[in-house]
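Trainee: I have the model open. Can we go through its helix packing and its cores?

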Amino acid sequence: MKVAAIDYGTRRVGLAISDELGMFAHPLAVVESDDPEKRFQQVSDILEKSQVTDVLIGLPKHMDGSEREEALAVKAFACKLEQLGRFSVKLRDERLSTVQASRLMREAGRSAKQQKSKIDAAAAVVLLQAYLDSSD
């Protein structure tokens, strides 16, 4: 069973995927488009080609646990993805996933400029790895 995670944005969407054993998360892709339909189609195509069964989507929240404004767009995206009937879709708190991804990339020697094109996939990796680690 392969699990994927999505760090959803209105311009870029980062994707990560688990290995076959469900132990490790790896970056999969970053989809970049200003067109919501095109972005959705590209993401769903990538997930289908990757033979994913379960999809986690990061739900943006404030530090106090309340949902951020972007949560409505994330929930609409998740609903649309679930309606395809190909994936089990779950929302997961993504607080600080981008901050942690940025820190890990800095520790690996990537500058802020080098991070820009990969940070969304890295945030999806952080989200997915936390899920995989909690599923022991």
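**Packing around a helix**

Mentor: Start with what covers the buried residues of α2 in this predicted model. The cover includes β1, α1, β4 and β5 (88–93).

Trainee: Which residues of α2 are buried?

Mentor: Buried means under 20% relative accessible area. In α2 that holds for A71, V74, F77, A78 and L81.

Trainee: Why are they on the same side of α2?

Mentor: An α-helix has 3.6 residues a turn, so residues three or four places apart point the same way. On the other side of α2, L72 and Q83 are exposed. The buried residues lie on the same side because they cover an arc of only 125° around the axis.

Trainee: How far apart are the end C-alpha atoms of α2?

Mentor: Take 13 residues at 1.5 Å a residue. The span should then be 18 Å. The model agrees, with the end C-alpha atoms apart by 18 Å.

Trainee: Which element gives the most to the largest nonpolar core?

Mentor: That core has 21 residues, and I6, V43, L47, V55, I57, F77 and L81 have the most contacts inside it. Two or more residues each come from β1 (2–7), β2 (12–18), α1 (36–49), β4 (52–59) and α2 (71–83). With 5 residues, the one that gives the most is α2.

Trainee: Which residues does V43 touch, not counting those up to four places away in sequence?

Mentor: Contact here is heavy atoms within 4.5 Å. By that cut-off, V43 touches I6, V13, L15, V31 and F77.

Trainee: How many residues are in the other core?

Mentor: That core lies apart from the largest one. Among its residues are V3, A16, L56 and A124. Its count is 11.

Key:
Residues are numbered from 1 along each chain as its sequence is written. This is a predicted model: local features need pLDDT of at least 70, side-chain atom pairs count only at pLDDT 80 or more; totals for chains, interfaces and linings use all residues. Side-chain values use heavy atoms; hydrogens and water are left out. A nonpolar core is a set of buried Ala, Val, Leu, Ile, Met, Phe, Trp, Tyr and Cys residues joined through side-chain atoms within 4.5 Å. Buried means under 20% relative accessible area, exposed over 50%, partly exposed in between (1.4 Å probe, protein chains only). Helices (H or I, at least four residues) and strands (E, at least two) are DSSP runs, numbered from the N terminus. The expected span of a helix is 1.5 Å times one less than its number of residues. The arc is that of the directions from the helix axis to the C-beta atoms.
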